[in-house]
Amino acid sequence: MAKVTLQNVNKVYDNGFHAIHDVSLEIKDGEFMVLVGPSGCAKSTMLRMVAGLESITDGQLVIGDRECNDLPPKDRGIAMVFQNYALYPHMTAYENLAFGLETAKKSKAEIKERVTKAAELLEITDLLDRKPKQMSGGQRQRVALGRAMVRNPDVFLFDEPLSNLDAKLRVSMRRRIIRLHNQLQESGKPATMIYVTHDQVEAMTMGDRVCILNQGQIMQVDTPMNVYHNPKNKFVAEFIGSPAMNMLEGTLLEQSGKVCVQLNEHTIELSQAHQDKAKGWVGH
Ligand code: ADP
């Protein structure tokens with residue numbers, strides 16, 4: 001069981017750059033949360049702080065019921081999947097999968113059982129004797145995913161894991177990761193997943209909820225549909241949706257008790273759904 005909570009978290013890098021500003025976010029146990037935003041918005045920094053690969057300057061990180069600010073990565077119950085796979089080149093797929101378990105001093109039988117099960121789920125059983133250079137990018141990424149799975153983590157952390165794959169493979173890997181999330185849920189051992197991407201299609205199709213970041217601040221956290229239909233601000237409105245939403249400057253005015261927007265020489269009455277909300281903005 002692992003809820004992940006960030007409370008008023010700040011990150012200031014050694015050079016004084018303030019990358020994360022007072023971020024508070026609660027990721028529910030078993031939830032698939034996507035962190036999305038343009039390059040440089042600090043989504044990787046946030047994930048790396050959860051992983052323990054970056055220190056937290058200020059604020060609190062809780063995973064499950066443990067404060068983790070100063071806990072080493074290996075004790076956090078997390079496993080991370082990176083964009084560049086990060087496999088050991090001199091080891092076979094089997095050895096790559098087994099390595100973390102050997103370090104954790106698991107028995108040979110248990111290692112074999114866990115590796116075999118993960119390999120079956122990921123359909124890489126016939127690749128277990130191969131070294132990374134003898135595999136395609138998609139196959140390597142499946143091994144990298146398997147290496148995270150065998151550890152039975154409470155929390156999976158994904159840092160742009162599909163960015164190196166071609167468009168078709170990306171779609172099938174997305175499905176595979178969602179399937180893994182669902183399978184763990186159904187097996188009664190749900191895993192919380194935090195997934196970083198700059199790709200809004202990935203965010204909208206994978207996340208139970210998405211957290212949209214800009215310049216180290218949270219812009220909105222909600223389900224993909226709510227974010228799409230009710231963007232909280234202009235940044236979210238422009239960022240989400242393909243093709244991107246067009247923006248026109250207009251003035252709100254009241255005519256015969258109805259709020260209208262004046263765009264150049266056109267005056268358009270707002271829909272009933274927006275009347276109340278827009279009343280306070282007349283004149284802007
Ligand atoms: P994203 O993953 O959204 O592309 P990052 O988390 O990698 O963004 O970076 C967020 C911001 O922090 C960027 O402006 C980046 O230049 C800066 N940054 C990242 N790492 C460091 C570092 N080690 N020292 C100083 N600034 C950094």
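Trainee: In which helix is the place of Glu202?

Mentor: Glu202 belongs to helix α6, which covers residues 200-206. Please keep in mind throughout that this is a predicted model.

Trainee: Is Glu202 buried or exposed?

Mentor: The general idea is to compare the relative accessible area with a cut-off, and buried means under 20%. Glu202 has a relative accessible area of 3%, so this residue is buried.

Trainee: Which side chains make polar contacts with the side chain of Glu202?

Mentor: One partner is Tyr195, whose side chain is joined to that of Glu202 by a polar contact of 2.9 Å. Another is Thr197, where the side-chain contact is 3.2 Å. A wider view comes from contacts in general: once neighbours within four places in sequence are set aside, Glu202 touches Leu162, Arg170, Arg174, Tyr195 and Thr197. Tyr195 and Thr197 thus appear in that list as well as in the polar contacts just described.

Trainee: Let us turn to a whole helix. What span should helix α4 have, and what is the distance between its end C-alpha atoms?

Mentor: The general idea is that the expected span of a helix is 1.5 Å times one less than its number of residues. Helix α4 runs over residues 137-149, and its 13 residues should therefore span 18 Å. The C-alpha atoms at its ends lie 18 Å apart, in agreement with that expectation.

Trainee: How many residues of α4 are buried?

Mentor: The count is 11 of 13, and the helix is accordingly described as mostly covered. Among the buried residues are Gln139, Arg142, Arg147 and Met149. The list also includes Gly138, Val143, Leu145 and Ala148.

Trainee: Which elements do those buried residues pack against?

Mentor: They pack against two strands, β6 (78-82) and β7 (155-159), and against the helices α2 (93-103), α3 (108-122) and α5 (167-186).

Trainee: Where does Gln183 lie?

Mentor: Gln183 is a residue of helix α5. Its relative accessibility is 30%, so it counts as partly exposed. Sequence separation and spatial distance can be read side by side here: Gln183 and Asn69 are 114 residues apart in sequence, and their C-alpha atoms are 30 Å apart.

Trainee: Which residues surround the ligand?

Mentor: The shell consists of Tyr13, Asn15, Phe17, Ala19, Pro38, Ser39, Gly40, Cys41, Ala42, Lys43, Ser44 and Thr45. By character, these residues divide into six nonpolar, five polar and one charged. Helix α1 (residues 43-51) gives the most to the shell, with three residues.

Trainee: Which residues place polar atoms at short listed distances from an oxygen atom of the ligand?

Mentor: Gly40 has a polar backbone atom 2.7 Å from an oxygen atom of the ligand. For Ala42, a backbone N or O atom lies 3.0 Å from an oxygen atom of the ligand. Ser44 uses its side chain, in which an N or O atom is 2.7 Å from a ligand oxygen atom. On its own the ligand has 570 Å² of accessible area, and the protein covers 62% of this.

Trainee: I should like to examine the backbone next. What is the form of the peptide bond from Ser242 to Pro243?

Mentor: The general idea is to read omega for the bond in question. From Ser242 to Pro243 the bond is cis, with omega near 0°. Pro243 is in the loop between α8 (234-239) and β11 (251-255).

Trainee: What is the phi of Ala86 and of Glu160?

Mentor: Both values are positive although neither residue is a glycine: about 55° for Ala86 and about 45° for Glu160. Ala86 is found in the loop between β6 and α2, whereas Glu160 lies in the loop between β7 and α5. Ala86 has a relative accessible area of 35% and is partly exposed. Glu160, at 11% relative accessibility, counts as buried.

Trainee: How many helices and strands does the protein chain have?

Mentor: The chain comes to nine helices and 13 strands. Its C-alpha trace spans about 80 × 40 × 40 Å along the principal axes. Of the 284 residues, 44% are buried.

Trainee: What part of the accessible surface belongs to carbon and sulfur atoms?

Mentor: These atoms account for 50% of an accessible surface of about 15,200 Å². As for contacts between residues at least 6 apart in sequence, 62% join residues at least 24 apart.

Methods
Residues are numbered from 1 along each chain as its sequence is written. This is a predicted model: local features need pLDDT of at least 70, side-chain atom pairs count only at pLDDT 80 or more; totals for chains, interfaces and linings use all residues. Side-chain values use heavy atoms; hydrogens and water are left out. A residue is near a molecule or strand if one of its heavy atoms lies within 4 Å of it. A polar contact is a pair of N or O atoms within 3.5 Å; within protein, one must be able to donate a hydrogen and the other to accept it, and residues adjacent in sequence count only if both atoms are side-chain atoms. Accessible areas come from the Shrake-Rupley method with a 1.4 Å probe; for residues, only the protein chains shown count as cover. Helices (H or I, at least four residues) and strands (E, at least two) are DSSP runs, numbered from the N terminus. Ala, Val, Leu, Ile, Met, Phe, Trp, Tyr, Cys and Pro count as nonpolar, Asp, Glu, Lys and Arg as charged, and the others, Gly among them, as polar. Buried means under 20% relative accessible area, exposed over 50%, partly exposed in between (1.4 Å probe, protein chains only). Contact means heavy atoms within 4.5 Å.
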